[in-house]
Amino acid sequence: TGPQWTVGDEVTYSKKCDPYEQGGLPLSNEEVDKIRTQVPEWTLSEDYKSISKEWLHKDFESAVAFINKINILCINEGHSPWSANIQQARGAKRSLRIVLHTARLGGLSYADFMLALKLDFVR
């Protein structure tokens with residue numbers, strides 16, 4: 001069987017990853033601290049309002065190909081990154097940085113963590 005796509009704990013794992021299911025409020029710092037252990041490669045912002053991750057690619061074309069895969073996943077999830085930046089890295093390499101944040105809530109949502117979990121499997 002494939003991976004279980006859930007975020008949260010025994011109490012929250014069954015919640016839909018829809019910001020409106022959260023009562024229109026971002027996740028509390030305590031909720032974020034519990035859930036973030038499931039996406040350890042993602043960096044939490046100091047203000048607890050976003051998470052981010054960087055991928056290194058051999059060139060611009062491979063970074064764009066990767067972001068196109070991310071785009072397909074985001075369309076299927078109905079949730080997209082707050083920002084995606086491709087920047088020059090060492091030599092000809094490119095760094096792709098994705099930031100997740102739910103603007104409608106002004107902070108993090110279950111959808112952000114669900115998307116982060118799934119993005120970790122994009123190759």
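This passage looks at the aromatic pairs of a predicted model, and then at its nonpolar core.

Going through the whole structure for aromatic pairs turns up two of them. One is made by W42 and W55, whose rings meet edge-to-face, with 5.8 Å from centre to centre and 80° between the planes. An angle over 60 degrees is what earns a pair that label. W42 comes from the loop between α1 (29-35) and β1 (43-44), while W55 belongs to strand β2 (residues 51-57), so this pair ties together parts of the chain that lie 13 residues apart in sequence. Both tryptophans, W42 and W55, are buried.

The other pair brings W55 together with F66, and here the rings are tilted: the centres are 5.3 Å apart and the planes make an angle of 50°. This pair, too, links distant parts of the chain, since W55 sits in strand β2 and F66 in helix α2 (residues 60-77), eleven residues apart. How buried are the two partners? W55 has a relative accessible area of 13% and is buried, and F66, at 7% relative accessibility, counts as buried as well. The cut-off at work here is 20%: anything under that is called buried. Taken together, the ring pairs join W42, W55 and F66 into a cluster.

Next comes the nonpolar core. The largest one holds 23 residues, and W42 is among those with the most contacts inside it, along with I51, I70, I98, L100, F113 and L119. Which elements give two or more residues to this core? They are α1, β2, α2, β4 (94-100) and α3 (110-119). Helix α3 gives the most, with six residues. As a rule, nonpolar side chains in soluble globular proteins tend to be buried together.

L119 gives a handy view of how these pieces meet. Setting aside its neighbours within four places in sequence, L119 is in contact with W42, W55, I70, L73 and I98. Two of the ring-cluster residues, W42 and W55, are thus on the contact list of L119.

A last stop is E31, which is found in helix α1. Is this residue buried, partly exposed or exposed? At 25% relative accessibility, E31 counts as partly exposed. E31 and L108 are 77 residues apart in sequence, yet their C-alpha atoms are 9.8 Å apart in space.

How values were computed
Residues numbered from 1 in each chain as written. Predicted model: local features only at pLDDT ≥ 70, side-chain atom pairs only at ≥ 80, totals over all residues. Heavy atoms only, no water. Phe/Tyr/Trp six-rings, centres within 6.5 Å; stacked < 30°, edge-to-face > 60°. Helix = DSSP H or I, 4+ residues; strand = E, 2+ residues; numbered from the N terminus. Buried < 20%, exposed > 50% of the residue type's maximum accessible area, 1.4 Å probe, protein only. Core = buried A, V, L, I, M, F, W, Y, C linked by side-chain atoms within 4.5 Å. Contact = heavy atoms within 4.5 Å.
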